[in-house]
Amino acid sequence: MKDVKHRLDVLVKCPYYKGEEKQKIFCEGVLEGSAIHLAFDTNPNLREYKNRFCKGRYNRCLLAEMQNRKYDYEA
């Protein structure tokens, strides 16, 4: 899979964050070379989610919890 470059927010703490585009956040996928994206209906909703989970308590994000299980990591 081609490595797609997305805009990055340097304030994000989540290790599974891969970038973003208009109203989408991209996270590490479940298989190598894959990604999962969250699509938001508005930019304010994206910012709220990103501030709460990506920049904040990312281990409370359901996608981060899934990735932690993939790596047998307990936060």
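Begin by selecting Cys61, which counts as buried at 8% relative accessibility. The structure is a predicted model, and every value on this tour is computed from it.

**The cysteines**

With Cys61 still selected, display the cysteine sulfurs. Cys61 takes part in no disulfide, and its nearest cysteine sulfur, that of Cys27, is 6.1 Å away. Proceed to Cys27, which also counts as buried, at 9% relative accessibility. For Cys27 the closest cysteine sulfur is that of Cys54, at 6.0 Å, which is too far for a bond; a disulfide requires sulfur atoms within 2.5 Å. Across the whole structure, a search finds zero disulfides.

**The nonpolar core**

Next, add Ile25 and Tyr49 to Cys61. These three have the most contacts inside the largest nonpolar core, which has 14 residues. Colour β2, α1 (43-54) and α2, the elements that each give two or more residues to this core. The largest share, four residues, comes from α1. In soluble globular proteins, nonpolar side chains tend to be buried together.

Centre the view on Tyr49. Leaving aside residues up to four places away in sequence, Tyr49 touches Ile25, Leu38, Phe40, Cys54 and Cys61.

**The aromatic rings**

Now show the aromatic side chains. How many aromatic pairs does the structure hold? There are three. Select Tyr16 and Tyr71 to see a stacked pair, with 6.4 Å from centre to centre and 5° between the planes. Tyr16 lies in the segment before β1 (17-21) and Tyr71 in the segment after α2, so this pair ties together parts that are 55 residues apart in sequence. Tyr16 is buried, with a relative accessible area of 9%, whereas Tyr71 is partly exposed, at 46%.

Turn then to Phe40 and Tyr49. Their ring centres are 5.4 Å apart and their planes stand at 50°, so the pair is tilted. Both Phe40 and Tyr49 are buried. Add Phe53 to the selection, and one aromatic cluster of Phe40, Tyr49 and Phe53 is in view.

**Helix α2**

Finally, select helix α2, residues 62-70. Which of its residues are buried? They are Leu63, Ala64, Gln67 and Asn68. These buried residues cover an arc of only 140° around the axis, which puts them on the same side of α2. An α-helix has 3.6 residues a turn, so residues three or four places apart point the same way. Rotate the view to the other side of α2, where Leu62 and Arg69 are exposed. The cover over the buried residues of α2 includes β2 (24-28) and β3 (35-39). End the tour just after α2, at Asp72, which takes a positive phi of about 55°.

Key:
Residues numbered from 1 in each chain as written. Predicted model: local features only at pLDDT ≥ 70, side-chain atom pairs only at ≥ 80, totals over all residues. Heavy atoms only, no water. Buried < 20%, exposed > 50% of the residue type's maximum accessible area, 1.4 Å probe, protein only. Arc of directions from axis to C-beta. Contact = heavy atoms within 4.5 Å. Core = buried A, V, L, I, M, F, W, Y, C linked by side-chain atoms within 4.5 Å. Phe/Tyr/Trp six-rings, centres within 6.5 Å; stacked < 30°, edge-to-face > 60°.
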